[in-house]
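I opened the model to note its fold, its packing and a few single residues. The entries follow the order in which I looked things up.

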Amino acid sequence: MSGYCDIAPGHPVHASYHATEYGFPQREEAVLFERLLLEINQAGLSWETILRKRAGFRAAYDGFDVDAVADYGEADRARLLGDAAIIRNRLKVDAAIHNAQVIRRLRDSHGGFADWLDAHARDYGTPRDKASWVKLFKRTFRFTGGEITGEFLMSLGYLPGAHRADCPVMQDIARVKRNV
């Protein structure tokens with residue numbers, strides 16, 4: 001999404017996300033879950049809409065606490081579907097709850113979500129391509145088609161393309177990668 005490097009700098013909504021989050025590696029479970037949840041909710045909408053509703057998502061989904069969301073029941077579903085501060089789509093709400101349950105299980109099988117991502121980052125010794133990631137995500141999570149999976153992974157640096165090579169943010173990302 002190299003075009004993002006053209007529109008985001010100086011933009012009142014996109015600038016901070018572009019400069020401090022997009023393309024930067026992350027390890028914290030809540031941050032990874034937030035990014036996946038936001039990407040799922042972006043489907044069919046603009047990223048600006050999602051960024052504007054980000055605080056609403058954070059409040060509605062208990063600060064993206066995986067255990068809390070994994071334990072949501074019918075009352076929580078109803079609450080989320082009635083919350084105008086987020087995207088009120090049953091499939092997306094159900095995917096958030098299901099995916100939180102999957103992430104919780106990844107702790108037992110891989111040590112956590114970040115470790116699961118790392119364990120699958122290479123396919124037969126080479127970096128996993130987008131098509132392979134999409135197949136893996138479709139087998140593992142809900143509501144994770146090609147665009148959602150691709151943007152999620154690009155936003156974390158698992159797939160290339162978050163920033164153009166001449167984007168000043170690339171230097172910051174390289175510095176973070178050296179320290180991760």
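Before naming any loop I fixed what I count as an element: helices are DSSP runs of H or I with at least four residues, strands are runs of E with at least two, and both are numbered from the N terminus.

**Entry 1, overall fold.** I am working with a predicted model. I counted twelve helices and two strands in the protein, and read from the N terminus the order is α-α-α-α-α-α-α-α-α-β-β-α-α-α. I then looked up the radius of gyration, which is 16 Å and close to the 16 Å that the globule rule gives for 180 residues, so the protein is as compact as a globular protein of that length. The C-alpha trace spans about 50 × 40 × 25 Å along its principal axes. Of the 180 residues, 47% count as buried, and among contacts between residues at least 6 apart in sequence, 63% join residues at least 24 apart.

**Entry 2, nonpolar cores.** I recalled that in soluble globular proteins nonpolar side chains tend to be buried together. The largest nonpolar core here has 48 residues, and those with the most contacts inside it are Phe-57, Tyr-61, Phe-113, Leu-117, Phe-137 and Phe-141. Several helices supply at least two residues each, among them H3 (29-42), H5 (54-60), H9 (113-120) and H10 (130-140), while the largest share, seven residues, comes from H8. I followed Phe-57 outward and, leaving aside residues up to four places away in sequence, found that Phe-57 touches Leu-37, Leu-38, Asn-41, Ile-50, Phe-64, Ala-85, Ile-86 and Ile-87. I also noted a second, separate core of five residues, which includes Cys-5, Phe-24, Cys-167 and Val-169.

**Entry 3, largest pocket.** I found a volume of about 150 Å³ for the largest pocket. Its lining includes Gly-23, Met-154, Leu-159, Pro-160, His-163, Ile-173 and Lys-177, and the lining residues divide into seven nonpolar, four polar and one charged. Helix H12 (residues 169-179) gives the most to this lining, with four residues.

**Entry 4, positive phi.** I kept in mind that most residues other than glycine have a negative phi. Asp-62, in the loop between H5 and H6, has a phi near 50°, a positive value in a residue other than glycine. Phe-143, in the loop between H10 and H11, likewise has a positive phi, near 60°. I checked the accessibility of both: Asp-62 has a relative accessible area of 42% and is partly exposed, and Phe-143 counts as partly exposed at 30%.

**Entry 5, two polar side chains.** Is His-120 buried or exposed? His-120, which is found in helix H9, has a relative accessible area of 16% and is therefore buried, the limit being under 20%. Not counting residues up to four places away in sequence, His-120 touches His-110, Arg-128, Trp-133 and Leu-136. I then turned to Glu-28, in the loop between helix H2 (14-20) and H3; Glu-28 has 52% relative accessibility and so counts as exposed, for which the limit is over 50%. Last, I looked up the separation of Glu-28 and Asn-41, which are 13 residues apart in sequence and 20 Å apart in space, C-alpha to C-alpha.

Notes:
Residues numbered from 1 in each chain as written. Predicted model: local features only at pLDDT ≥ 70, side-chain atom pairs only at ≥ 80, totals over all residues. Heavy atoms only, no water. Core = buried A, V, L, I, M, F, W, Y, C linked by side-chain atoms within 4.5 Å. Buried < 20%, exposed > 50% of the residue type's maximum accessible area, 1.4 Å probe, protein only. Contact = heavy atoms within 4.5 Å. 1 Å grid on protein atoms, 1.4 Å probe; cavity = no way out; pocket = protein on both sides within 12 Å on 5 of 7 lines; lining within 4 Å. Points joined across faces, edges and corners; volume = space filled by probe spheres on them. Nonpolar A, V, L, I, M, F, W, Y, C, P; charged D, E, K, R; others polar. Rg over C-alpha atoms; globule rule 2.2 N^0.38 Å.
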